[in-house]
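User: Could you take me through one part of this model slowly, as you would for a colleague at the bench? Afterwards, please show me how you would look at some of the rest.

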Amino acid sequence: MKKAVFCGGCFWCTEAVFKRLKGVLKVVSGYSGGFIKNPAYREVCEGRTGHAEGICIEYDASQVEFQELLEVFFATHNPTTLNRQGYDVGTQYRSAIFFTDINQKEAAQTYMKFLEDSNVFQNPIVTTLEPLDVFYNAEEEHHDYYDQNTEQSYCQYVILPKIKTLNERFSDKLKTTK
């Protein structure tokens, strides 16, 4: 089992996307990249801790490769907006990959260069690559948020389009059940 940490805006969004992939065993919403220990949601949302909202993924590398996780990550958020995803604005919503080893760092650098060289996005990618120091789990009410609140307007207008993109572009990589 391996770990990957991705920050692509609101962690409710990224969790909802990645938990649907084959080979992903566990997805936990939380915080990384800040300067205080054990941050709370309110502090992170106010931008007072330096943390980014993100997810920690535990995955079976024999079923899903890190490269495939990168492809999904870059396809389901906007890596070209600094400290912003849609209406969510602030450093806590930055696009970041917290790598756990040199292989992840190199794979992310290579893939980001490929995306840039291929002009996949109109603007430059601003995703940061940072070594993972610590990942703090978010409070319980943030776990599995989308599946517990699918009728909420934020879930309908912000998260559902990301899931639709996932379903359309990566249908062969999806679990057969939620």
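Analyst: Happy to. Two strands count as paired here if DSSP finds at least two bridges between them. Please keep in mind that this is a predicted model.

Let's settle on strand β3, residues 52-59. On one side, β1 (residues 2-8) pairs with β3 in the antiparallel sense, over five bridges. To find that pairing on your screen, start at Val5, whose bridge partner in β3 is Cys56. Strand β2 (residues 24-32) also runs antiparallel to β3, and eight bridges join the two. Here a handy landmark is Val27, with Ile57 as its bridge partner in β3.

Now for the side chains. In a regular strand they alternate between the two faces of the sheet. In β3, one side carries Ala52, Gly54, Cys56 and Glu58, while the other carries Glu53, Ile55, Ile57 and Tyr59. Is each face buried or exposed? Both are covered, and every residue just named is buried. In other words, eight of the eight residues of β3 are buried.

From the strand, let's turn to helix α6, residues 153-169. Its 17 residues reach 24 Å from the first C-alpha to the last, close to the 24 Å expected at 1.5 Å a residue. Even so, there is a kink of about 40 degrees at Ile159, shortly before the proline Pro161. Ile159 is also among the buried residues of α6, together with Cys155, Leu160, Lys162, Ile163 and Leu166. The buried residues of this helix pack against α1 (11-18), α3 (66-75), β4 (84-85) and α5 (145-148).

Two of those neighbours lead us to the charged groups. Side chains of opposite charge can pair when their charged atoms come close. Asp147 forms a salt bridge with Arg20, and their closest N and O atoms are 2.6 Å apart. Because Asp147 sits in α5 and Arg20 in the loop between α1 and β2, the pair ties together parts that are 127 residues apart in sequence. Arg20 has a relative accessibility of 10%, so it counts as buried. Both residues belong to a network of salt bridges that also links Lys19 and Asp144.

For another pair, look at Glu46 and Arg48, which form a salt bridge with closest N and O atoms 2.8 Å apart. Glu46 is partly exposed at a relative accessible area of 44%, and Arg48 is partly exposed at 48%.

Conventions: Residues are numbered from 1 along each chain as its sequence is written. This is a predicted model: local features need pLDDT of at least 70, side-chain atom pairs count only at pLDDT 80 or more; totals for chains, interfaces and linings use all residues. Side-chain values use heavy atoms; hydrogens and water are left out. Buried means under 20% relative accessible area, exposed over 50%, partly exposed in between (1.4 Å probe, protein chains only). Helices (H or I, at least four residues) and strands (E, at least two) are DSSP runs, numbered from the N terminus. The expected span of a helix is 1.5 Å times one less than its number of residues. The bend at a residue is the angle between axes fitted to the seven residues ending there and the seven starting there. Contact means heavy atoms within 4.5 Å. A salt bridge is a side-chain nitrogen of Lys or Arg within 4 Å of a carboxyl oxygen of Asp or Glu.
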